[in-house]
Amino acid sequence: MTRAPSQRSCVGCRTRVEPAALVRLRRRPDGEVVIDLDRRRTGRSAWLHPSRRCILAAGRQRAIARALGGPAKLSVREPEADALVGAIAAAVAGRLALLGRTAPTDSPEISALVRVQQSLQRSGEGA
Ligand SMILES: [Zn+2]
């Protein structure tokens, strides 16, 4: 099977897509899981569609902890999934506000973040 090296699988629904469509979660050395929007740091990471459904699916399968390798301090049931959706939305909004002052509005990073935001909004409405 030929794999485009730039593609990543969502740990929730297992679909392989371009990374811009996904949010990266990264495990810090202390075990804390952080939302890694700039994606430049190395380390174990889990990629997820920014949607409540994929977050819950990943939580049920313990896929996030598995992808992150080891005892990631993360349990994802309903309340945690909602909190994670909120945390991703807040991180994206914060990053957009920061970038808005420094990057041209047509930059690929900004359009990727806007897509994440729209996807979160859609998934929130359906839930
Ligand atoms: Zn997914």
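## Contacts of Ser123

Leaving aside neighbours within four places in sequence, Ser123 is in contact with Ser51, Arg52 and Arg53. Ser123 itself lies in helix α4, which spans residues 108-126. Arg52, one of its contact partners, is also among the buried residues of helix α1. The model described here is predicted.

Ser123 and Pro50 are separated by 73 residues in sequence, and their C-alpha atoms are 8.1 Å apart in space. Ser123 has 17 other C-beta atoms within 10 Å and is therefore partly exposed; a residue needs 20 or more to be buried.

## Overall composition

The secondary structure of the chain comprises four helices and five strands. Read from the N terminus, the order of the elements is β-β-β-β-β-α-α-α-α.

The chain has 127 residues, of which 29% count as buried. When contacts between residues at least 6 apart in sequence are considered, 56% of them join residues at least 24 apart.

## The β1 and β2 region

Ser9 lies in strand β1. Ser9 counts as partly exposed because it has 17 C-beta neighbours inside 10 Å. Setting aside neighbours within four places in sequence, the contacts of Ser9 are Arg14, Thr15, Arg16 and Trp47. Ser9 and Pro19 are 10 residues apart along the chain, with 8.4 Å between their C-alpha atoms.

Arg14, one of the residues in contact with Ser9, is found in the loop between β1 (8-9) and β2 (16-17). Most residues other than glycine have a negative phi. In Arg14, however, phi is positive, near 70°. Arg14 has 12 C-beta neighbours inside 10 Å and therefore counts as exposed.

## The three-stranded sheet

Strands of a sheet pair through backbone hydrogen bonds, either parallel or antiparallel. In this model, three strands form an open sheet in the order β4-β3-β5, and the pairing is antiparallel. The edge strands, each pairing on one side only, are β4 (33-35) and β5 (45-48). On average, neighbouring strands of the sheet are turned by 25° against each other, direction ignored.

Strand β3 (residues 23-27) pairs with β4 over three bridges, and four bridges join β3 to β5. Leu25 has a partner in each of the edge strands: Leu25 stands opposite Ile35 in β4, and its bridge partner in β5 is Ala46. Arg27 has Val33 as its bridge partner in β4. The hairpin of β3 and β4 has five residues between the strands, and Gly31 in this hairpin takes a positive phi near 95°.

The side chains of β3 alternate between two faces. Val23, Leu25 and Arg27 point to one face and are buried, whereas Arg24 and Arg26 point to the other and are not buried. Leu25 and Arg27, whose bridge partners in β4 are named above, thus belong to the buried face.

## Helix α1 and its packing against α3

Helix α1 is mostly covered, with seven of its nine residues buried. The buried residues are Arg52, Cys54, Ile55, Leu56, Ala57, Ala58 and Gly59. Just after α1, Arg62 takes a positive phi of about 55°.

Helix α1 (residues 52-60) packs with helix α3 (residues 78-100) at an angle of about 135°, and the axes are 9 Å apart. This angle makes α1 oblique to α3; the roughly antiparallel class requires an angle over 145 degrees. The crossing in which α1 passes α3 is right-handed.

In this contact, Arg52, Ile55, Leu56 and Gly59 of α1 meet Glu80, Ala81, Leu84 and Val85 of α3. By class, the contact has five nonpolar, one polar and two charged residues. Arg52, Ile55, Leu56 and Gly59 also appear among the buried residues of α1. Arg52 thus takes part in the contact of α1 with α3 and is in contact with Ser123 as well.

Notes: Residues are numbered from 1 along each chain as its sequence is written. This is a predicted model: local features need pLDDT of at least 70, side-chain atom pairs count only at pLDDT 80 or more; totals for chains, interfaces and linings use all residues. Axes are lines fitted to C-alpha atoms, for helices over the stretch in contact, and angles run from 0 to 180 degrees between N-to-C directions. Angles under 35 degrees count as roughly parallel, over 145 as roughly antiparallel, 65 to 115 as roughly perpendicular and the rest as oblique. A crossing is left-handed if the near helix is turned anticlockwise from the far one by less than a right angle, and right-handed if clockwise. Two residues are in contact if their C-beta atoms, placed from the backbone, lie within 7 Å. Ala, Val, Leu, Ile, Met, Phe, Trp, Tyr, Cys and Pro count as nonpolar, Asp, Glu, Lys and Arg as charged, and the others, Gly among them, as polar. Two strands pair if DSSP finds at least two bridges between them.
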